[in-house]
Amino acid sequence: VEIHTRISGILDKIYIKEGQYVAAGQPLFKINDSELQIQMSRAVAAFNNAKAESRVSKVELDRVATLVERKVVPASEYDLVEAKYLASQAKVEQALAEKDAVAKQISYTLIKSPFNGVVDRIPLKEGSIINENSLLTSISDNSYMNAYFNVSEKIYFDMMEIPLESMTL
């Protein structure tokens with residue numbers, strides 16, 4: 001299986017060597033994520049800001065609901081405040097989605113082995129600039145192999161007469 005990047009960046013760390021056996025889930029490569037961490041800080045701040053605005057909208061909604069019950073303000077005022085509250089809830093959901101998207105990108109900076117196998121050639125070195133979908137290496141699962149041989153019909157029939165227990169490879 002070929003191991004490709006999902007994001008572009010600078011190759012910070014190579015945790016493996018060519019020909020090394022790796023286990024499933026073992027870290028292989030690390031891409032610099034400093035810019036993504038800055039984006040994450042911004043996304044978290046936007047999310048917290050949206051949550052605070054939503055809380056303010058909820059307090060306003062509750063206040064206007066009380067005033068409508070006492071018939072101090074018209075019901076249309078409640079509808080307006082309720083719409084503002086729903087809009088603030090939508091902003092919270094949007095900010096959460098943006099935060100989750102950045103977190104997903106950060107998760108792509110640590111490339112792990114998908115299964116047990118042997119590492120092939122590693123064409124890049126630490127500090128290399130890599131683009132999205134760059135080939136980092138390949139991993140081969142050598143636990144099960146098939147072998148195919150060209151055998152003439154005569155040899156095949158001769159082998160069919162010999163019991164399998166007596167055959168040596």
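In the predicted model, Tyr 156 is partly exposed, with a relative accessible area of 43%. This residue takes part in an edge-to-face aromatic pair with Phe 157, the ring centres lying 5.6 Å apart and the planes meeting at 65°; the angle is classed as edge-to-face because it is over 60 degrees. The count of aromatic pairs comes to one. Phe 157, which is located in helix α3 (residues 153-161), has a relative accessible area of 45% and is therefore also assigned to the partly exposed class, given that this class covers the values between 20% and 50%.

Both residues of the aromatic pair belong to a nonpolar patch on the surface, in which Tyr 156 and Phe 157 are joined by Phe 149, Val 151, Ile 155, Met 159 and Met 160. Taken together, the members of this patch present about 750 Å² of accessible area. Ile 155, a further patch member, is likewise placed in helix α3 and is partly exposed at a relative accessible area of 43%. With respect to Gly 25, which is 130 residues away along the chain, the C-alpha atom of Ile 155 lies at a separation of 46 Å.

Turning to the interior, the largest nonpolar core comprises 19 residues, of which Ile 14, Ile 16, Val 22, Leu 28, Phe 29, Ile 111 and Ile 122 touch the most other members. Two or more residues are contributed to this core by each of the strands β2 (9-14), β4 (27-31) and β8 (135-140), and by each of the helices α1 (34-69) and α2 (75-107). The contribution of β4, at three residues, is the most given by any element. For Val 22, one of the core residues that touch the most other members, the contacts beyond four places in sequence include Ile 16 and Leu 28, both of which are also named among those core residues. The remaining contacts of Val 22 in this range are with Ser 113, Phe 115, Asn 116, Gly 117, Val 119 and Ile 139.

A search of the whole structure finds five salt bridges, and three of the pairs are described here. The side chains of Lys 13 and Glu 126 meet in one of them, with an N to O distance of 4.0 Å. Since Lys 13 is placed in strand β2 and Glu 126 in the loop between β6 (117-119) and β7 (129-130), this pair ties together parts that are 113 residues apart in sequence. Both partners are partly exposed, Lys 13 with a relative accessible area of 37% and Glu 126 with one of 45%.

A salt bridge within a single helix is formed by Asp 62 and Lys 58, for which the closest N and O atoms are 3.3 Å apart. The two residues both lie in helix α1 at a spacing of four residues, about one turn of the helix. Asp 62 is partly exposed, with a relative accessible area of 39%, and Lys 58 is partly exposed as well, with a value of 35%.

A further salt bridge joins Lys 30 to Asp 33, the closest N and O atoms being separated by 3.4 Å. Asp 33 is situated in the loop between β4 and α1 and has a relative accessible area of 17%, so that this residue is classed as buried, the limit for that class being under 20%. When neighbours within four places in sequence are left aside, Asp 33 is in contact with Ile 106 and Thr 109.

As regards the backbone, most residues other than glycine have a negative phi. Lys 71 shows a positive phi near 60° and is located in the loop between α1 and α2, where its relative accessibility of 73% places Lys 71 in the exposed class. Asn 133, which is not a glycine either, has a positive phi of about 70°. The position of Asn 133 is in the loop between β7 and β8, and with a relative accessibility of 52% this residue counts as exposed.

Conventions:
Residues numbered from 1 in each chain as written. Predicted model: local features only at pLDDT ≥ 70, side-chain atom pairs only at ≥ 80, totals over all residues. Heavy atoms only, no water. Patch = residues over 30% accessible without salt bridge, like charges linked within 9 Å, V, L, I, M, F, W, Y side chains within 5 Å. Areas by Shrake-Rupley, 256 points an atom, 1.4 Å probe, with all protein chains shown as cover. Core = buried A, V, L, I, M, F, W, Y, C linked by side-chain atoms within 4.5 Å. Buried < 20%, exposed > 50% of the residue type's maximum accessible area, 1.4 Å probe, protein only. Contact = heavy atoms within 4.5 Å. Phe/Tyr/Trp six-rings, centres within 6.5 Å; stacked < 30°, edge-to-face > 60°.
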